[in-house]
Amino acid sequence: MSHAWLDPEEVGRLARGMEEWFGVPPEVIEGYAWVRRGEALCALAPEARPWAEAYPASAVGLKAFKEVGAAGPKLTSRGAQVLGRWATRRVVDVGEEDLRGLVEGRSLPWDGPRGPVILRTQGVAVGMGVLRDGHLLGQLPRSVTEHLQFGQRGGAL
Amino acid sequence: MVTGEAPDRGGRYGRVFARYEGLIPDFPGFLAAVARPSPVHLRVNTLRAEVGGVAAALAAQGVVTRPEPWCPFLLRVEGEPPRALGATLLHALGLIYLQSASSAVAALALGARPGEAVLDLCAAPGSKTTLLAQAMGDRGAVVANEPNPRRLQSLTANLDRLGLTAAVVTGYPGQNFPLGRKFDRVLVDAPCSGEGTWRGPRARPQPPSAGLRRHLARQQGALLRRGYELLAPGGTLVYSTCTYAPEENEGVVGPLVAETGARLEPLGVELPAEPGLTRWEGEEFPPELALARRLYPHCFDSEGFFVARLARP
C-alpha cells in the first residue's frame, strides 16, 4: 500500500482539530510521525520512521484517524483508546449497563451538543460514540465487540 | 518447583517424550507436569493500564491472579478462569494479552530498551512483539516480520488491539530479510516442532518425522544466521523455540557460535531452569551453550522452551 508522510502543516491542522474538539494538547499529536495509508492516518513513533521508509511495510503504527469524504479526519475507536487519555472535552462517561447497551447496538437518551464523543468507562477510553438528537450511539468497531461477553458480576472491564 | 504426581512412563506422554528420558532431569516429575494443562498467564499492557487496576477488575469478575515475581506485569491466573478471558472488554481494549510465561521470558531476555531498533524476525501472532514494544515504552522501532499472510493478519490485529505506534510490519521470508540496515536487537523465535506446547489432556501431540526435524533445523539455522547478520556490532540476539529437541536448539546455535564467534550470555531473567546441553547423542556443542536455558514444565510451570541469548562482538 502506498503511503505519504504528512507535512508539518497537515500535522498542525490535525493537532489543532484535536485540541479544539477534544481538548487534547497539540504536543501529543505533534509527538508522532504521521503517515497517510489509503483512508487511514497512522501515528508512528518518530524513531520508527526511517524503518518504515526502508521497507515495503504492510502496516505501520496505529490507524488513529480515518479520512472520509470532505468532512476531514475522523478519530477511530483505536485512536480514541490511545489518544483519549489526554482528552478533556466531549468525553462521555458511561457505566456498565450503558456500555452493554451501546455494544448491543442500542441508543441511549443523552443530552449534549451533537457530534462525535469519546466513550469512557471506569476511567478508560473505550472508543468513539456520537451524540445525535438527544441520543448517544456507540461506534465501537466490530473487532472490539464481536467476541465480547459481559460477565454476570463485577465491572464491565 | 511443581510437586510431582505418579509418573506414567507407559502413558501417552511417556511414549511421546521417551527420547528425552536421559536428558531431562527428574523425568517422572516432567511427565507428571506435562500431563497437567499449562497455567493461564496474562500480561498487563502497562502502556495503557496499571497492574493493580487490571487485577482488581479481574478480581471483581471472580478471576484471581498473582504477579510473577520475575515479571510484575505478568499475572498468573489461579485455578480455572470463570469466563473466557479472550472475550472480556479488558482483552478487546488491548489492556491485557494472554501470553505464556515461557514466551514472556524469551522476549524479556532480549532486554529491549526505549529508542532502540529491534527486529522480530518471526513475529506472528505478536505476543513477543507486543511485549518488546511494551518494554520499550512504545518508543523506538519494532520491525515485526511475518511471511505467512494468514498469520500476518493475527499479528496486525494484535498490534492494533494493543494500540502500539512503534511497530512496522513486514512480510519477508525471514531467511531472506534484506541486509543493509542493522538492528540493536534481534529476536529469532523460530518455527519449531512445538513439543513444549504439548501439555494437558486436550493436547494432540504430533511427533515430527526425522525428515521434518531435519527440515526444521535447516530452516532454523538459516533464520538464525540471517538474524545474526542483521545484528549491529555490540547488539544482542535471542534465539528461542518451544521444543525440547536438541537438534532444533543447541544443534542450531552451536554451529553459529563456532563459526562466527558469537558470544553466549546469561539470560538476565532469574528462573528455575536447566542449562543448555553441551553434548547430545555423540554430538559436542560449544561449552558456552550451558549459558542457554531449557525451561521444563516441572521446574517452571509453563510451556517448555529453549532460550539462548547471544552477543555480537
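Q: What share of the contacts in chain B with a separation of 6 or more comes from residues 24 or more positions apart?
A: In this predicted model, the share is 75%. A contact here needs C-beta atoms within 7 Å, and residues 24 or more positions apart account for that 75% of the contacts in chain B with a separation of 6 or more. For chain A, 50% of the contacts between residues at least 6 apart in sequence join residues at least 24 apart.

Q: What makes chain B as compact as a globular protein of its length?
A: Take the radius of gyration, which is 19 Å, and set it against the 20 Å that the globule rule gives for 313 residues. The two values are close, so chain B is as compact as a globular protein of that length. Its C-alpha atoms fill a box of roughly 55 × 55 × 35 Å along the principal axes. Within chain B there are nine helices and 15 strands, and 53% of the 313 residues count as buried.

Q: Why is B:Ala18 called partly exposed?
A: Buried would take 20 or more other C-beta atoms within 10 Å, and exposed would take 12 or fewer. B:Ala18 has 14, so it is partly exposed. You will find B:Ala18 in the loop between α1 (12-16) and α2 (27-34) of chain B. From B:Ala18 to B:Pro286 the C-alpha distance is 26 Å, with their positions 268 residues apart in sequence.

Q: How do you know that both faces of strand β1 of chain B are covered?
A: Look at the residues on each side of the strand, residues 41-44. B:His41 and B:Arg43 lie on one side, B:Leu42 and B:Val44 on the other, and all are buried.

Q: What makes β3 and β4 of chain B pairing partners of β1(B)?
A: Two strands pair if there are at least two bridges between them. Strand β3 (residues 71-77) of chain B is joined to β1(B) by three bridges, running antiparallel, and B:His41 has B:Arg76 as its bridge partner there. Strand β4 (residues 96-98) of chain B is also joined to β1(B) by three bridges, again antiparallel; in that strand B:Ile96 is the bridge partner of B:Val44. Each count meets the cut-off of at least two, so both are pairs.

Q: How do you know that helix α7 of chain B has a span close to the expected one?
A: The helix, residues 149-161, has 13 residues. The expected span is 1.5 Å times one less than the number of residues, which comes to 18 Å here, and the helix reaches 18 Å from its first C-alpha to its last. After α7(B) comes B:Gly163, with a positive phi near 70 degrees.

Q: What covers the buried residues of α7(B)?
A: The buried residues are B:Leu152, B:Leu155, B:Thr156, B:Asn158, B:Leu159, B:Asp160 and B:Arg161. Their cover draws on both chains: it includes β4, β5 and α4 of chain A, together with α6 (127-135), β6 (141-145) and β7 of chain B.

Q: How many residues does each chain give to the contact between chains A and B?
A: Chain A gives 32 residues and chain B gives 33. On the chain A side, the elements with two or more residues are β3 (40-44), α3 (49-54), β4 (59-60), β5 (62-67), α4 (77-83) and β10 (124-132). By class, that side has 20 nonpolar, eight polar and four charged residues.

Q: What makes β4(A) and β7(B) a pair of strands?
A: Two bridges join β4(A) to strand β7 (residues 167-170) of chain B, and at least two are needed, so the strands pair. They run antiparallel, with A:Ala59 opposite B:Val169.

Q: Why are β7 and β8 of chain A called edge strands?
A: The open sheet of five strands has the order β7-β9-β10-β11-β8 (chain A), with mixed pairing. β7 (91-93) and β8 (108-109) each pair on one side only. In the same sheet order, β10(A) pairs with β11 (residues 135-138) of chain A over four antiparallel bridges, and A:Val130 stands opposite A:Leu137.

Q: Which residues touch the most other members of the largest nonpolar core?
A: Of its 144 residues, they are A:Leu44, B:Leu132, B:Val142, B:Val168, B:Val188 and B:Val307. Helix α5 (residues 101-108) of chain B gives the largest share, six residues. Leaving out residues up to four places away in sequence, B:Val188 touches residues including B:Leu121, B:Leu223 and B:Tyr239.

Terms used. Residues numbered from 1 in each chain as written. Chains lettered and ligands numbered in written order. Predicted model: local features only at pLDDT ≥ 70, side-chain atom pairs only at ≥ 80, totals over all residues. Contact = placed C-beta atoms within 7 Å. Nonpolar A, V, L, I, M, F, W, Y, C, P; charged D, E, K, R; others polar. Rg over C-alpha atoms; globule rule 2.2 N^0.38 Å. Core = buried A, V, L, I, M, F, W, Y, C linked by C-beta atoms within 7 Å.
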